[in-house]
Amino acid sequence: MQRSYSLAYDPLFYITVGFFACLTTGLPAVIGQPNFMPILQTVALFIFLLIPLRQGLIRQALWVLLLWLVLQFSVVVTLTWLLEARVETAFHDGFRYRVAYIAWFYGAESVLRPDSFGAAPSARLLELLGILVGSLVSGGLIGVWFLVKSVNLAAYGMGALLVSLKSTAGLLLALPLWTLLRIAGYAGLITLLSEPLLTGNWQPLTYWRSRRQLIIIAGGLLLLG
């Protein structure tokens, strides 16, 4: 039996996703727009996610998120490395964040990683609330907003460290592993929590039976992060 056509299975769809991930990240970052960048990213990513999620295509939705987030992260890291002063203006208090992040990395006394729960508990709790409750009540829109902002900040921190290290040999040292695990958990949970509103199915047992593996993996990644 031939599978009916769906845009979520079309390779051109993913090429378009990649193009807009680079465009909506690179352009605002270069011109230094701290509000325009996450707004543009959120709207574009949410629209692309709607296509597979409304059809219940979780695997395809995860591929969209993976492609988008990898490209978004890579673009911000690269631009920060090459155009640090320019990209700094694309973040609120970008200079202060960069200095604090580098100070933490080099082990300055009494300095916590600026995006950690210890350094900014209210911001992290608000972010978690936006990912969980926000995604559930908005079909993923609010969750995507917090997700792209988290990725932008993690990538900016890594890019700033690469500038400080002055060598690509420091790539592994600068990689924010635990933050990336938290972001991966966010992506999985947004996918799961967006589905009820978009599909009209609000039966928790249905999702536990059909999405159990994703629930466990996403929750585990979030806890590790």
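These legends walk through close-up views of salt bridges in a predicted model.

In this predicted model, local features need pLDDT of at least 70 and side-chain atom pairs count only at pLDDT 80 or more, while totals for chains, interfaces and linings use all residues. Residues are numbered from 1 along each chain as its sequence is written, and side-chain values use heavy atoms, with hydrogens and water left out.

**View 1. Glu 88 and Arg 98 form a salt bridge.** A salt bridge here is a side-chain nitrogen of Lys or Arg within 4 Å of a carboxyl oxygen of Asp or Glu, and the count comes to 5. For Glu 88 and Arg 98 the N to O distance is 3.0 Å. This pair links distant parts of the chain, 10 residues apart: Glu 88 belongs to helix α4 (residues 84-88) and Arg 98 to helix α5 (residues 94-105). Helices are DSSP runs (H or I, at least four residues), numbered from the N terminus. Glu 88 has a relative accessible area of 18% and Arg 98 has 16%, so both count as buried (under 20% relative accessible area, 1.4 Å probe, protein chains only).

**View 2. Glu 127 pairs with Arg 124 inside one helix.** Look for helix α6 (residues 121-138), where the two sit 3 residues apart, about one turn of the helix. Their closest N and O atoms are 3.0 Å apart, and both residues are buried.

**View 3. Glu 195 meets Arg 211 in a salt bridge.** Here the N to O distance is 2.7 Å. The partners are 16 residues apart and link distant parts of the chain, with Glu 195 in helix α9 (residues 177-199) and Arg 211 in the loop between α10 (204-210) and α11 (212-224). Both are buried.

Note on methods. Buried means under 20% relative accessible area, exposed over 50%, partly exposed in between (1.4 Å probe, protein chains only).
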